[in-house]
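Ready for a few short exercises? Have your viewer open and try each task before reading its solution.

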Amino acid sequence: MSSASIVYFSGTGNTKIIAELFRESFEQNGYAARTFSLSVFDGQNEIDYDADFIGIGYPIHAFNAPEIVLKAAKLFPKRDKRLPKKKVFVFKTSGEPVRMSDVSSLKLRSILKRRGYEISCEFQYVMPYNIIFRHTQARAHRMLETAKKLVPIDCKTVLNGGRELPRYPAFGGLVSWVLRIEHPGAHTIGKYFKTADTCTACGYCAKTCPVGNIELTEDGDGNKKIKFGKKCIICMHCAFACPHDAVIPGILKNWKVNGAYSFEKPDREEHDDHADYCKKAYDRYYVNAEKKISNARKSETDENGAE
């Protein structure tokens, strides 16, 4: 049976949701599909690099792929130069659909190219923020429902050998290169994360840190304490997922978002303090999404009619 490998990193769950949607879509099309998480605590399985289709997913960090994703790409087995480059597709998530996000895979593309792989498709999905501010429940619901409709369409594009790549904005490459300073900077910023008095030292953050950066230590008196190391990539999992809202993310403390989104449709109208934030970008994203969904439905109707 033909197969698909879906490799992804997810700090707070958004990219994992998209990865699972791709897995389901491949399976619905008759493929044996598996997801491979790059998080240290979640599914350290051997990646199947020989699969017919390989997908790479990540949350956009400062208009780049996270450092852990670039490191994983460097471990892809190098292909014989005499062979055609193996095609891979990329899916990425972000809290806002600004055009500058289109450049986020530039470094990833370069690494893969040197190893004999080529990105043929690149898809971006808007999912709710885990930093800066909290999206309303209505917005989170719309984001996920839109992704649920888009992923099967994008999966078909991959299966049909299509190409769908973003157009880079002017100076996008330079911006991406400059902001890649976040990778080493995150290690420094993460050292200054700390816990508030509400911390119970339950150890949840240490058990679930995607990069193994957090330890639950104990002093000579038997008092437990959370210790943050030097491997942080600012995925915000600890601050977002803490059951006691006790993680203070250093200089990012004013941007902290805590608590998982339900993604359920709200039963009453909500006030949105950030309704005008990147409004044009969101409007453009949803207009383009609806066009893609409508065109896919029309094509499916035409195909059924032809039969």
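The exercises below work on a predicted model, moving from one serine to the whole chain.

**Exercise 1.** Locate S105 and decide: is S105 buried or exposed?

*Solution.* Start with the secondary structure: S105 sits in the loop that runs between β4 (86–94) and α3 (106–114). Next, take its relative accessibility, which is 1%. The cut-off for buried is under 20%, so S105 counts as buried.

**Exercise 2.** Find which residues S105 touches, leaving out those up to four places away in sequence.

*Solution.* The search returns Y58, V90, K92, I119 and E122. Now look at the side chains: those of S105 and E122 are joined by a polar contact of 3.0 Å. As for P66, 39 residues away along the chain, its C-alpha atom is separated from that of S105 by 9.9 Å.

**Exercise 3.** Work out how the strands β4 and β5 are arranged.

*Solution.* Begin with one pair: V90 has E122 in β5 as its bridge partner. Then take the strands as a whole: β4 and β5 pair in the parallel sense, over nine bridges. Add the helix, and β4, α3 and β5 form a right-handed β-α-β unit. Finally, check the cover of β5 (residues 117–126): nine of its 10 residues are buried.

**Exercise 4.** Judge how compact the protein chain is for its 307 residues.

*Solution.* Count the elements: the chain has nine helices and nine strands. Its radius of gyration is 20 Å, close to the 19 Å from the globule rule, so the chain is as compact as a globular protein of that length. To complete the picture, 45% of the 307 residues count as buried.

Note on methods: Residues are numbered from 1 along each chain as its sequence is written. This is a predicted model: local features need pLDDT of at least 70, side-chain atom pairs count only at pLDDT 80 or more; totals for chains, interfaces and linings use all residues. Side-chain values use heavy atoms; hydrogens and water are left out. Helices (H or I, at least four residues) and strands (E, at least two) are DSSP runs, numbered from the N terminus. Buried means under 20% relative accessible area, exposed over 50%, partly exposed in between (1.4 Å probe, protein chains only). Contact means heavy atoms within 4.5 Å. A polar contact is a pair of N or O atoms within 3.5 Å; within protein, one must be able to donate a hydrogen and the other to accept it, and residues adjacent in sequence count only if both atoms are side-chain atoms. Two strands pair if DSSP finds at least two bridges between them. A crossover is right-handed if, with the strands pointing away from the viewer, the path from the first strand over the helix to the second runs clockwise. The radius of gyration is taken over C-alpha atoms; the globule rule is 2.2 Å times the number of residues to the power 0.38.
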